[in-house]
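Got your viewer open? Load the model and follow along, one selection at a time.

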Amino acid sequence: MPIVKCPRCGKETEFTGNEFRPFCSERCKLIDFGAWADEEFALPAETEELSAEDMDALLAATEERS
Ligand SMILES: [Zn+2]
């Protein structure tokens, strides 16, 4: 039987016949899914991670065009 480790809690669980694979249970699957969703909502990363360097590059590109 192939054994996989639940990516959420690390518990080893059978891969075959596990409808929640690679998670060990529906709970872990839902928690993980929730974590992903939370991360997406919590981090408007695209805008917030624009560093000063990125801004400079953007400005430079804009100036070049005008
Ligand atoms: Zn688990």
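Start by selecting Pro22, which sits in the loop between β2 and α1. Helices and strands here are DSSP runs, with helices being H or I over at least four residues and strands being E over at least two, numbered from the N terminus. Before you go further, remember that this is a predicted model: local features need pLDDT of at least 70, side-chain atom pairs count only at pLDDT 80 or more, and totals for chains, interfaces and linings use all residues. Residue numbers run from 1 along each chain as its sequence is written.

Now add the residue before the proline. Arg21 and Pro22 are joined by a cis peptide bond, with omega about 0 degrees. Like its partner, Arg21 belongs to the loop between β2 (12-14) and α1 (26-42). Is Arg21 buried or exposed? Neither quite: it counts as partly exposed because it has 15 C-beta neighbours inside 10 Å. The scale behind that calls a residue buried if 20 or more other C-beta atoms lie within 10 Å of its own, exposed if 12 or fewer, and partly exposed in between, with C-beta atoms placed from the backbone.

Keep Arg21 selected and show what it touches. Not counting residues up to four places away in sequence, Arg21 touches Val4 and Phe15. Contact here means that the C-beta atoms of two residues, placed from the backbone, lie within 7 Å. If you draw a distance from Arg21 to Val4, the C-alpha atoms are 8.2 Å apart, with the two positions 17 residues apart along the chain.

Next, hop to Thr16, also in the loop between β2 and α1. Thr16 counts as exposed because only 9 C-beta neighbours fall inside 10 Å. Which residues does Thr16 contact, leaving aside its neighbours within four places in sequence? They are Met1 and Pro2. The C-alpha atoms of Thr16 and Pro2 are separated by 6.8 Å, although the two are 14 residues apart along the chain.

Over to the strands. Select Lys5, in strand β1 (residues 3-5). Lys5 is partly exposed because it has 13 C-beta neighbours inside 10 Å. Beyond its neighbours within four places in sequence, Lys5 is in contact with Gly10 and Glu12. Try Phe15 as well: its C-alpha is 8.9 Å from that of Lys5, ten residues away along the chain.

Now for a helix stop. Asp32 lies in helix α1, and it is partly exposed because 16 other C-beta atoms lie within 10 Å. Its contacts, leaving aside neighbours within four places in sequence, are Pro7, Arg8 and Phe23. Pro7 is 25 residues from Asp32 along the chain, yet their C-alpha atoms are separated by 8.4 Å.

Finally, zoom out and colour by secondary structure. You should see three helices and two strands, in the order β-β-α-α-α along the sequence. Buried residues make up 3% of the 66 residues in the protein. Of the contacts with a separation of 6 or more, 6% are between residues 24 or more positions apart.
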